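Work through the exercises below with the sequence and the coordinates open. Each task is followed by a solution in steps.

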Amino acid sequence: MKRRPRRPPNPRGGRSTRRHGFVVPVSRQGTPDVAPTPAPRLVRKKRKARRVVIDPVRYDGHPVVTDLDAFTAAPVDGVGRARAYGCGPLSLAPARSIPS
């Protein structure tokens, strides 16, 4: 079986984040303003001994909401292609204020 090369996750999102009503801002250094945390690899067997391998990543950051209706549906529907394997839910919390 021919393996496709692994594509690193795009912390800025892309079409998926825009479609779900948010974008990830860029820091002053020009990098996405998120903190990625790798999670354990998920391996599932499908029919006819075909394996599905998913490398989940948790992103902590502050998204910028661009479409409120789409964004309010995203926590319920999930984001990304691996939703069926438990990836893609959005957990939202109020932004923490920075003490001055």
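The exercises go from the overall fold to single contacts.

**Exercise 1. Fold and confidence**

Task: State how many helices and strands the protein has, and in what pattern they follow along the sequence.

Solution.
- The model is predicted, so confidence is read along with the fold; the mean pLDDT is 77, and 79% of the residues reach 70 or more.
- There are 2 helices and 6 strands, and reading along the sequence gives α-β-β-β-β-β-β-α.
- Among these elements, helix α1 (residues 15–19) has the lowest mean pLDDT, 72, and strand β6 (residues 64–65) has the highest, 88.

**Exercise 2. Burial and contacts across the chain**

Task: Find what share of the 100 residues is buried, and what share of the contacts with a separation of 6 or more joins residues 24 or more positions apart.

Solution.
- Buried residues account for 18% of the 100 residues.
- Of the contacts with a separation of 6 or more, 49% are between residues 24 or more positions apart.
- The exposed surface comes to about 8,600 Å², and carbon and sulfur atoms supply 53% of that area.

**Exercise 3. The faces of helix α2**

Task: Decide which residues of α2 are buried and which are exposed on the other side.

Solution.
- A residue is buried when its relative accessible area is under 20%, and exposed when it is over 50%.
- In α2 the buried residues are Ala70, Phe71 and Ala74.
- Viewed down the axis of α2, these buried residues fall within an arc of 100°, so they line one face of the helix.
- The spacing fits a general rule: an α-helix has 3.6 residues a turn, so residues three or four places apart point the same way.
- Leu68, Asp69 and Val76 are exposed on the other side of α2.

**Exercise 4. What packs against α2**

Task: Identify the aromatic pair and give its geometry, then list what histidine 20 touches beyond its sequence neighbours up to four places away.

Solution.
- The count of aromatic pairs is 1. Phenylalanine 22 and phenylalanine 71 form this pair, with 5.8 Å from centre to centre and 75° between the planes.
- Planes over 60 degrees apart count as edge-to-face, and the pair is classed as edge-to-face.
- Phenylalanine 22 belongs to strand β1 (residues 22–23) and phenylalanine 71 to helix α2 (residues 68–77), so the pair ties together parts 49 residues apart in sequence.
- Both rings belong to buried residues: phenylalanine 22 has a relative accessible area of 8%, and phenylalanine 71 has 11%.
- Histidine 20 sits in the loop between α1 and β1 and is buried at 12% relative accessibility.
- Leaving out residues up to four places away in sequence, histidine 20 touches Ala70, Phe71, Ala74, Gly78 and Val79.

**Exercise 5. Salt bridges**

Task: Locate the 2 salt bridges. For each partner, decide whether the residue is buried, partly exposed or exposed.

Solution.
- Aspartate 55 pairs with arginine 41, their closest N and O atoms being 2.7 Å apart.
- Aspartate 55 is in the loop between β4 (51–54) and β5 (57–61), and arginine 41 is in the loop between β2 (34–38) and β3 (42–45), so this bridge ties together parts 14 residues apart in sequence.
- Aspartate 55 is partly exposed at 29% relative accessibility, and arginine 41 is partly exposed at 44%.
- Arginine 58 forms a salt bridge with aspartate 60, with 3.0 Å between the closest N and O atoms.
- Arginine 58 is exposed at 52% relative accessibility, whereas aspartate 60 is partly exposed at 33%.

Definitions and conventions: Residues numbered from 1 in each chain as written. Predicted model: local features only at pLDDT ≥ 70, side-chain atom pairs only at ≥ 80, totals over all residues. Heavy atoms only, no water. Helix = DSSP H or I, 4+ residues; strand = E, 2+ residues; numbered from the N terminus. Buried < 20%, exposed > 50% of the residue type's maximum accessible area, 1.4 Å probe, protein only. Contact = heavy atoms within 4.5 Å. Areas by Shrake-Rupley, 256 points an atom, 1.4 Å probe, with all protein chains shown as cover. Salt bridge = Lys/Arg side-chain N within 4 Å of Asp/Glu carboxyl O. Phe/Tyr/Trp six-rings, centres within 6.5 Å; stacked < 30°, edge-to-face > 60°. pLDDT = per-residue confidence, 0-100. Arc of directions from axis to C-beta.
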